[in-house]
Every structure is written in structure tokens, then in C-alpha cells.
Amino acid sequence: MGKRRGGRELLRGLSKKQKKHLREFGEEHPFHDNICLVANGVLLLHWCFPFQSDNSDKSSAESDSETEVEQVSVYHKLLATLKTSPESESEEEEEDENESEAEESETEMDSEGSQETREADGGGEDRNDVTEQEEATDTAEQTLSQEQADGIDTSCDPSHGVIEEFTDVKHESEFSLETNFMEEESGDCNADKRDGNPFKQHMDKELEEKDIEKMSTLPKTSSRSQWPRLGQVTFSSTLEKPKPLKADKEVDVKQLYLHKPLESTWPKVNKQFLSSVNKPSDAFFTPLQRELFCIMNTYRDLFYPERSALTNGEEIRHAYCLHALNHVLKANSQVLSNNARKRNQKPGTDNDDHRDQGLTRPKVLMIVPFRECALRIVHIFISLLEVNDKRKIDVSNKKRFKGEFGSDPEEKPPNLKRPEDYEAVFAGNIDDHFRIGVAILQKSMRLYAPFYSSDIIIASPLGMRTVIGAEGEKKRDFDFLSSIEILIIDQADIYLMQNWEHVLHLMKHINLLPLDSHGVDFSRVRMLNLNNWCKYYRQTLLFSALQDPQVNSVFNKHCFNYMGQVAIRNIPLSGSISHVVVQLPHVFRRLEAESLTSVIDTRFQFFIDKVLPEYRDAIMSHTLIYVPSYFDYVRLRNYFKKEELNFTHICEYTKKAGVCRARRFFLKGEKQFLLFTERFHFYKRYTIKGIRNLIFYELPTYSHFYSEICNMMKATDNGVDATWTCTVLYSKYDAQKLAAVVGIERAAQMLQSKKNVHLFVTGES
């Protein structure tokens, strides 16, 4: 985990157990998340990395005596029944000792199977129930009520809960759009007036009431086309009959209408991704960047679900940074140029041609999961603005930014080995609670600008959630989102592992009419903003590593761009099951659900009636049950306790000592079942040894997790291949996940077949 206020302040603010975890792993795990019940009885999930007050370490959300009312049809009611009980001093000290013993041997456990027997018992399995859910405090609720209404953000402080964050107000007049003018020698504004400029064509388009009514009522029509690099491209629109989009084989930089400095800096910045085989006419973009940027530059919405942190992640980041910065520079140059015209205008003369602004200044909102992502984005911006080594741009508060968003390589122990994709996702500072305003004016950049003086806001979903607040709170603010013209959501799949509710909350509060004027000159405001039509002009760029119904829903239901939407819809030909190397029979069992809302209850009933009885026998020991949803995990754990089954469990809230005990008991066969959550696997990637029987309660969110979990069986030294089993539950509503695991052809056969059981065998010679 990276620094937030410097190494010393960080360690001073952490609890004893957090310090030990940080020294051992060099990263924070969301063991100390916050789950708080808001006043109206609705459960607010606040999942973040543990930069919270120590109060959360003094409470526990689970105990053996707790009774969780199983309102199985409403998951929020289920989780809301979790109780908290304070621990005594003696229990706290005992837990510290147990954790210390467990942590000393964790690295050895990961590398050597023989070390499993050395793990500390720690006082028995039941201690797990006491140590889970330490996040159930009111820290999140307090944080949400402390935000500043004037756009000067606040954040969680390690030692004092909530303090006012640093924002740069010293350079306010220097970066004000109202008091500055276009430099005569730049000539940038004249370049932006060229015919065919996509920025002017998009923003100057005047919609009519009938157009808005069509977009609100009529269904979209779509067309498909095949592109060389992107594959199957689907274009949908309401206002016009969509024509198949064609990819540009070659790109002339002049036809892209880049702002003047970007034409010269972009080739240098992007040089690292260009190969020597690129044609001279294609010396500015990779094939992927060229096709993506051609879509971005038309101001259509874009959904690209094949982003990979290992391969194309940085290519995509550079492309959307170029587009965002190009948009901001053009918008600001238009305002500065009109400032000069108004200055020279005769008194009393009114001119509607000067309408060039929104109701608030922020134009671009970039949602990224970790501080490291924000750090890389700002570095790209700086590189794009620096024409050469002699003409460095002035960046305010750069040192402070590096201190708070950078990371220390020494914080991560060298013996921590994880898969390559894990290392790529969790590189650098992985704090997920942040937000920062960036103001850009000609040859200068201002970091930590107050939101209402910013051009670009870079934030995490949690950072946005805490400043937006909840309904009924006195101190909340979302006016700065009223005039967002470009929304970029990168690595959307990671938010499924954090808290997707934060993303939905953001989408509900973007492009709303502000509650205050915030000093805006209404004579300069575009009519589209005054008519509250900004959402129909907003471009949304959504990048994800997978196609998921929740991600698709945001793109389909919250994107209203009059230019239309472009989605990449490639079909997976071979699934992740082909990467399973152990010889293993895979039994896929289909459950019949009447509707999407009933599939949760149907799956649970199917599992306890038809699947679990087959594994109750002692012969079927060493059974791991993989559960993607935490709510399903709680429900299963309650049922297993009620039935007094011999089981242990690991979730994202289980403490270190509890994880070690559970792994040890499962390996030695002292516990027959192990309940295992997907979110724990996402954040930790431990190898669970001793698996002989595997049950996927639901198909995994990430398809490669399927092969990873199955391949853990080869870590069992004393296992016999012929006795291994794998059972997977699925329904017709899992079509996308099923295709990603078994391939599109098999998935189609399984969904159309009348048979409810399908068998596949992997690892055969």
C-alpha cells in the first residue's frame, strides 16, 4: 500500500494489527471495510482499504451467538441483521498474539506445502466468527457527513477520522477562466475553428424538443460491422438510422483536429507502444489505439470490454487521456478567446455567440480504481503538455501529489509471489479512497484545484460517494457534476469487487441541475445546459476486462448521447476451461428459475436439496465451495451452522489468523467443507491446498478464476486424480459467464438442451 500522508504519519495512524499486516505484505486488504446502517434503515456498504479510525478494530460484526434473520429474498435485509459486539481487552490481546504466530509462517505456507502443519491453532475455529466483519462501525456514516459544500473535499484520516483535505486556493486567480485571455502567439483557437472540428460539431449541435422526446421514448436501432482490430462493433442510435461504422485504415493526424501542442507531443509520448513494423502513415497510433480513438473523436459513447492490465491497459489509458486533454484544451481556448472578444466589445452590445460554458467548470470526470491509476494519468497529461525539454510546464503542488499518490517500492516484500495479472492490477499505491481536481490553463497545470475551479476530476467510486453523500444529509455536494461533458470509467470490472453501488450512485447524480449558481455568468452558459440537456451531449467511455450484466446495464440505461453508442461485442470462442491442466470431470448442473429476481432463492434451494446431500458423506471430504456473492456466503454459512455441518469459512473480512486456521483445518481434513468467497480470492490469490471436491455455487465473475481454482487441486500431494470432482451450478441468466468458461458453442448447446446435467473432462492425454 502506498503513502497517503507520508510513511511516518501512516504508521502512526494505523493500529497494531494493521502495522503488522503492512510490514508483512506491503499492501492493504479490505479487512477493515465499513458496513454501517443509515438512519432510514437502508444498508450502506462502504468497502474501502483500511484508512479508517481505530474504532473499527474494537468492534466485531459476528459472534457465535448472533442470530441472522434469513430474509433470503432481500439481500440487504439479510446483511442488515449482522450485529456488532465489542471485544474485551483480553480477547484483543489474545487475538494479537495469535495473528503474530500466524503471520510469521504465512509466507512459508504459500511456498512450501510442508509448512501447513506449522500454523498456529489460535484457539480454535470458532474464533473466526468473532474476527470477521470488523468493518461494522459508523466511520463511513461520519465520513459522508463531513464533506464541504464548496467543493473543497475532505477524506478519511488514519488517526482523526475526518479532516479537511489540502486544496490549492493560492493560484485561484491565476487559473481562472473568467480573468484570463488567449495568448496572441498561440493561434490555438483559430486552429480549433477549422471546418469539420469534431468538438465544435458536437457541442454546437442544437437539439429540439422533439429530438429529446424521441430519445426518451423510442427504442434504439442498431447495426453491426467487423473491424480489423476491435472485432464485432455494434452501433446503436435513436435519432438517426445507424449505418455500419467503418474503420479508418490510415489516420492523418491533421484530420483528427488535435489541439496544437498535442500534435507534436503525442508521437513522443506514445512511442513506447509503437513497433518498428508500423507503417510511416500509421506512426502515431497502435492498431487498437487508432480504432478506439477514431470512435472517441466522433464523441460517441464507447464500451470496450476487453481491457487487460497485462497487455493493452496502458495503450488504452494513453488514448483516452489524449482525447480528454484535447477536449479540455479546446474548450478552454474557446472561453479565453471569447474573453478577449468581450473585452474589446462595445458596452451594451449583447452577443449570443459567446455562449461557451457549462453551469459549472468541470468538464471531464475520470473514474479509476486506485491512486496509482490517477498518478499515471497525471504523468501522461504532463508529458502531453510539455512540447520539449526546454519548455517545461508549470505544475502546482507536484511534490505533494507524488507524496500522496506515489508508492515506495520497498514497502512490498520481494518474496510475495502472485499471478502476473494480480501484480499488474495491484501495482503501486492501491488506496481506493481519493479524488483530486486538475485545472489546465495554456502552459500550466494546477493539481488539488477545488472542484469548481477544476477542468478534470480524477476520483475513485468511493471518493465520489463520500463527497456526493446520501439523501437527507445536510452536507453533501454534487453540483460540480452538472456540466460533465466526458465521463471515463476505466477498469469497471474492479468496481464489482469493491462496491458497485458507488458507481450506480454516481450515475444517478451526474448532469443534474445545480442547486446553486456558484457565481456563473449565465450570459456565457450554453443553451443545452440551461435546458438541462447536458446528459444528451455527454460522452461516456467505459472500459472493462469482461462483459457483465451490471456493467452492461450502466452502458445501456445511463448513456443518452445523441450521437449514439458503440459497443464491442466479441464472442469468446474457447473458454477458460481449456486452461485447466488437472484431469478432472466437470459436472454442470442447470437450475430452472422463473425470473432473474427468483434465481437467488432458486439456487439456494437447489443447492441444499440436490447438491449438498451428495457431499454430506464423510467420504466426500476436502470440499471447497466457491461463492462469488458475499450475500450468498452469509446465507450458506448460517445454514451450515444451523445444520451443524463440519465446515470452516474464509471471506474478505476474515482476519489473518482465521485464514491460517481455516487453511490448516481444511488441509488436514479436520473440516469437511470450506466456504470461500470470490472477493477474497481477488484480493489475496492464496493457493488453497487439500481440495479434492470442488463446487462452484455460481460461475465466477472472472472466467480465468475458474481454471485457477481448478488447478489448485494439483497442489494436493496426497490426492488421487480419480477421486477429484467438480460441480458447477448455472442458470439461463448466466449465459455470458457460461460462454466465458466453456466457450460459446458449448454454452449454446447447454442452454438449448433439455438435459440439466452436462459433463466435460479436462486433462485427458
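Among contacts between residues at least 6 apart in sequence, 77% join residues at least 24 apart. Keep that in mind as we walk through this predicted model, since several of the contacts below link distant stretches of the chain. The protein has 765 residues, and 59% of them count as buried. Its secondary structure comes to 27 helices and 24 strands.

Let us start with helix α12, which spans residues 313-344. Two packed helices are described by the angle between their axes and the distance between the axes. For α12 and helix α11 (residues 287-296), the angle is about 30° and the axes are 10 Å apart. Because angles under 35 degrees count as roughly parallel, α11 is roughly parallel to α12. The two helices cross in a right-handed sense. On the α11 side, the contact uses Leu288, Gln289, Leu292, Phe293 and Met296. Facing them from α12 are Glu315, Ile316, His318, Ala319, Tyr320, Leu322 and His323. By class, the residues of this contact are eight nonpolar, three polar and one charged.

Helix α12 has another partner to look at, helix α10 (residues 260-269). Here the axes come within 12 Å and cross at roughly 165°, so α10 runs roughly antiparallel to α12. This crossing is right-handed too. From α10, the contact draws on Pro261, Leu262, Trp266 and Val269, and α12 answers with His318, Ala319, Leu322, Leu325, Asn326 and Leu329. Eight of the residues in the contact of α10 with α12 are nonpolar and two are polar, with no charged residues. If you compare the two lists for α12, you will find His318, Ala319 and Leu322 in both.

What lies between α10 and α11? Phe273 has its place in that loop. With a relative accessible area of 22%, Phe273 is partly exposed. Leaving aside neighbours within four places in sequence, Phe273 is in contact with Thr286, Gln289, Glu314, Glu315 and His318. Gln289 belongs to α11, and Glu315 and His318 to α12, so this loop residue touches both helices. Phe273 and His318 are 45 residues apart along the chain, and their C-alpha atoms are separated by 9.8 Å. Just before α10, in the loop between β8 (231-237) and α10, sits Tyr257. Its phi is near 55°, a positive value in a residue other than glycine. At 17% relative accessibility, Tyr257 counts as buried.

Aromatic rings are the next stop. The structure holds 32 aromatic pairs. One of them joins Phe426 and Phe682, edge-to-face, at 5.4 Å centre to centre with 65° between the planes. Phe426 lies in the loop between α15 (420-425) and β12 (435-441), while Phe682 is in helix α24 (residues 678-684), so the pair ties together parts that are 256 residues apart in sequence. Both Phe426 and Phe682 are buried.

A further pair is formed by Phe640 and Phe673, whose ring centres are 5.5 Å apart; the planes stand at 75°, so this pair is edge-to-face. Phe640 belongs to helix α22 (residues 630-642) and Phe673 to strand β21 (residues 673-677), and the pair links these distant parts of the chain across 33 residues. Phe640 counts as buried at 0% relative accessibility, and Phe673 is buried with a relative accessible area of 0%. Ring pairs also link a cluster made of Phe588, Tyr626, Phe676, Phe680, Tyr686, Phe696, Tyr706, Tyr730 and Phe760.

After α22 the chain enters the loop between α22 and β20 (647-650), where you will find Glu644. The phi of Glu644 is near 55°, a positive value in a residue other than glycine. Is Glu644 buried or exposed? With a relative accessible area of 71%, Glu644 is exposed.

We finish at helix α26 (residues 735-742), where the buried residues are Lys737, Leu738, Ala739, Val741 and Val742. Against which elements do the buried residues of α26 pack? Their partners are β18 (584-590), α25 (703-711), β23 (725-730) and α27 (744-752). Following α26 comes Gly743, with a positive phi near 95°.

Terms used. Residues are numbered from 1 along each chain as its sequence is written. This is a predicted model: local features need pLDDT of at least 70, side-chain atom pairs count only at pLDDT 80 or more; totals for chains, interfaces and linings use all residues. Side-chain values use heavy atoms; hydrogens and water are left out. Axes are lines fitted to C-alpha atoms, for helices over the stretch in contact, and angles run from 0 to 180 degrees between N-to-C directions. Helices (H or I, at least four residues) and strands (E, at least two) are DSSP runs, numbered from the N terminus. Angles under 35 degrees count as roughly parallel, over 145 as roughly antiparallel, 65 to 115 as roughly perpendicular and the rest as oblique. A crossing is left-handed if the near helix is turned anticlockwise from the far one by less than a right angle, and right-handed if clockwise. Contact means heavy atoms within 4.5 Å. Ala, Val, Leu, Ile, Met, Phe, Trp, Tyr, Cys and Pro count as nonpolar, Asp, Glu, Lys and Arg as charged, and the others, Gly among them, as polar. Rings of Phe, Tyr and Trp (its six-membered ring) pair if their centres lie within 6.5 Å; planes under 30 degrees apart count as stacked, over 60 as edge-to-face and the rest as tilted. Buried means under 20% relative accessible area, exposed over 50%, partly exposed in between (1.4 Å probe, protein chains only).
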